[in-house]
Amino acid sequence: MIRREIYLNQIIPFINSEDIKVITGIRRCGKSMILLQIIEELKKKNISDEQIIFINFESLKYADLLNSLSLYNYLKNKIVNKKMYFLFDEIQEVNEWEKVINSLKVDYDCDIYLTGSNSRLLSSELATYIAGRYVSFTIYPLSYKEVIDFVNKNKINIKKENLLEYFMKYGGFPILYTDNLATSEVTVRLTDIFSSIVLNDIVKRKDIRNKELLNRVIKFVFENIGNTFSANSINKFFKSQNRSIDNETVYNYLEYLEESFIVKKVSRYDLKGKEVLKTQEKFYVMDLGIRNINVHFKDEDIPGILENIVYLELLRRNYTVYVGKLKDQEVDFVCEKDSLKIYIQVTYRLNSDETIKREVAPLLDIKDNYKKYIITLDKVWNSDYEGITKLSLEDFLISNEI
């Protein structure tokens, strides 16, 4: 089991704190693995097996514990006269789970870890019942740096020179880098993951009756990563296809996609007015693999795919990210962390002076002194350009430059 240090380093300092530890992220991104690695950390601290209770609520083994009373009674009979450590995987599967968590905190000396695949469900219920008593961590599919580690340690048969292209096409779900899989098997695994998310976290939970309409909205979003659009844009597209959908339904579907971690919305930020804008957001997918099995991978998609990869990596590095607007120009990413701010432009190739000038123009028009970067798929560019630092995509992903 390969340790995911980026997340463990965030969570471990909270072991034995009063806070409930809430670990969220898209299904199959590795949340269960994180819980098992937390258990390893507990055992290093001489916590005994009888003090640790781990339950994965997606397992049929625990099918009779999916309501609050049966779960609480089961746990009550497992408790010993020492501090208890509860690790609950996919807790949202339990009806009225928040009552159990609250009771455990009230009744026993315990340390609690929860995972879930629905951001709204967890955050709203925790805010209602356990206000101010939890810390949250978002887990993402493997970063490119982690993929390299998994490929090397698990002896996966992907050539080093092909790995970035593979990552761009198939994404970072850990299961793809645990065993050697044929291309057809990779597609099957990604299809199963995507179907499970849509069925369990959207269709069933939200009682969606028109699944075909939902799938069309998903496909529209997947085809437009890196483009600004609105619910009205989707509405107009459907009308051009002789179909109808009202804006409220579109807004709901987009919200459901966010809640289930399929996509992430990025707001625009007016660099002149210094305010977050409420229209024409961008959406990026949380894993490119599930995008690319639903939308044919085309060369013209590469600019948006590159943006998507950079955006996810910035989130992993704990930046708050916006799309920058400067008059009629766009800066791909305005990134903030603590007192730090950086600007990033992402481009496919910098193969001519004209392309370079076009890409750097928005950055040069920003008159503050924060660092500015261009990230490109190009391997080599010998010098910076008027104070703007150039990085290849691969260098950005494997280094700590930003």
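I began by fixing a term: a residue is buried if its relative accessible area is under 20%, exposed if over 50%, and partly exposed in between (1.4 Å probe, protein chains only). I noted that this is a predicted model, in which local features need pLDDT of at least 70 and side-chain atom pairs count only at pLDDT 80 or more, while totals for chains, interfaces and linings use all residues. I also noted that residues are numbered from 1 along each chain as its sequence is written, and that side-chain values use heavy atoms, with hydrogens and water left out.

**Entry 1, helix H2.** Helices (H or I, at least four residues) and strands (E, at least two) are DSSP runs, numbered from the N terminus. I looked up which residues of H2 are buried, and found Lys31, Met33, Ile34, Leu35, Gln37, Ile38, Ile39, Glu41 and Leu42. Taking contact as heavy atoms within 4.5 Å, I saw that the cover over these buried residues includes helix H1 (5-11), strand S1 (20-24) and helix H6 (144-153). I checked the length of H2 (residues 31-44) as well: the expected span, 1.5 Å times one less than the number of residues, is 20 Å for its 14 residues, which agrees with the 20 Å between its end C-alpha atoms. Just after H2, I found Asn46 with a positive phi of about 65°.

**Entry 2, the sheet.** Two strands pair if DSSP finds at least two bridges between them. I traced an open sheet of five strands in the order S2-S3-S4-S1-S5, with parallel pairing. S2 and strand S5 (134-138) are at the edges with a single partner strand each, so one side of each has no neighbour in the sheet. Between S3 and S4 I found five bridges, and Leu87 stands opposite Tyr113 in S4. For directions I used axes, which are lines fitted to C-alpha atoms (for helices over the stretch in contact), with angles from 0 to 180 degrees between N-to-C directions. H2 lies across S1, S2, S3 and S4, at about 165° to S3, and helix H3 (residues 68-76) lies across S2 and S3, at about 150° to S2.

**Entry 3, helices H10 and H11.** I read that helix H10 (residues 231-240) packs on helix H11 (residues 247-259) at about 115°, with the axes 9 Å apart. The contact is made by Ala231, Asn232, Ile234 and Asn235 of H10, and by Asn247, Val250, Tyr251 and Leu254 of H11.

**Entry 4, Leu271.** Is Leu271 buried or exposed? I found Leu271 buried, with a relative accessible area of 10%, in the loop between strand S7 (268-270) and strand S8 (275-276).
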